[in-house]
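Please look over the chain below before reading on. The report takes the helices in turn, then the surface.

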Amino acid sequence: MGMNKNTVLGWATLLMVVMGLLLIGLGIFKYSEISGWGFVAAGFGFLANAWVFNALKGRI
């Protein structure tokens, strides 16, 4: 099975969405004190990066 650029970007987008949601969930449910804000911020950063990867699919 050959992977072209769009397939690689699709897998990267999926992994980054999963990781972003995991970090947000950790920040909300496990670390509810001040350190949770860092997890949530990093999770939103992952989601923003995944959004950019998804927008690049088909363009490069």
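Which residue just after H2 takes a positive phi? Gly58 does, at about 85°. Keep in mind throughout that this is a predicted model.

**The two helices**

Helix H1 covers residues 5-30. Helix H2 covers residues 35-56. Their lengths compare with expectation as follows.

| Helix | Residues in helix | End-to-end C-alpha distance | Expected at 1.5 Å a residue |
|---|---|---|---|
| H1 | 26 | 36 Å | 38 Å |
| H2 | 22 | 33 Å | 32 Å |

For H1, the span agrees with the expected value. For H2, the span is close to the expected value.

**How they pack**

Which residues of H2 are buried? They are Gly36, Val40, Gly43 and Ala50. Why do they lie on the same side of H2? They cover an arc of only 80° around the axis, so they share one side of the helix. These buried residues pack against helix H1.

H1 has its own buried set: Leu9, Thr13, Met16, Gly20, Leu23, Ile24 and Gly27. That set packs against H2. Glycine appears in both lists, with Gly36 and Gly43 buried in H2 and Gly20 and Gly27 buried in H1.

**Leu26 in H1**

Leu26 is found in helix H1. Is Leu26 buried or partly exposed? Leu26 has a relative accessible area of 27%, so it counts as partly exposed. Which residues does it touch, leaving aside neighbours within four places in sequence? Leu26 is in contact with Tyr31 and Phe39. Phe39 falls within the 35-56 range of H2. Ala55 is 29 residues from Leu26 in sequence, and the two C-alpha atoms are 27 Å apart in space.

**A nonpolar patch on the surface**

Five side chains deserve a look here: Met3, Val8, Trp11, Leu14 and Val18. Together they make a nonpolar surface patch of about 490 Å².

Val8 is found in helix H1. Its relative accessible area is 42%, so Val8 is partly exposed. Trp11 is also found in helix H1. At 48% relative accessibility, Trp11 counts as partly exposed; the exposed class starts over 50%.

How far is Trp11 from Phe44, C-alpha to C-alpha? The separation is 18 Å, and the two residues are 33 residues apart along the chain.

**In short**

The buried residues of H1 pack against H2, and those of H2 pack against H1. The patch that includes Val8 and Trp11 is nonpolar and lies on the surface. Just after H2 comes Gly58, with its positive phi.

Terms used
Residues numbered from 1 in each chain as written. Predicted model: local features only at pLDDT ≥ 70, side-chain atom pairs only at ≥ 80, totals over all residues. Heavy atoms only, no water. Helix = DSSP H or I, 4+ residues; strand = E, 2+ residues; numbered from the N terminus. Expected span 1.5 Å × (residues − 1). Buried < 20%, exposed > 50% of the residue type's maximum accessible area, 1.4 Å probe, protein only. Arc of directions from axis to C-beta. Contact = heavy atoms within 4.5 Å. Patch = residues over 30% accessible without salt bridge, like charges linked within 9 Å, V, L, I, M, F, W, Y side chains within 5 Å. Areas by Shrake-Rupley, 256 points an atom, 1.4 Å probe, with all protein chains shown as cover. Salt bridge = Lys/Arg side-chain N within 4 Å of Asp/Glu carboxyl O.
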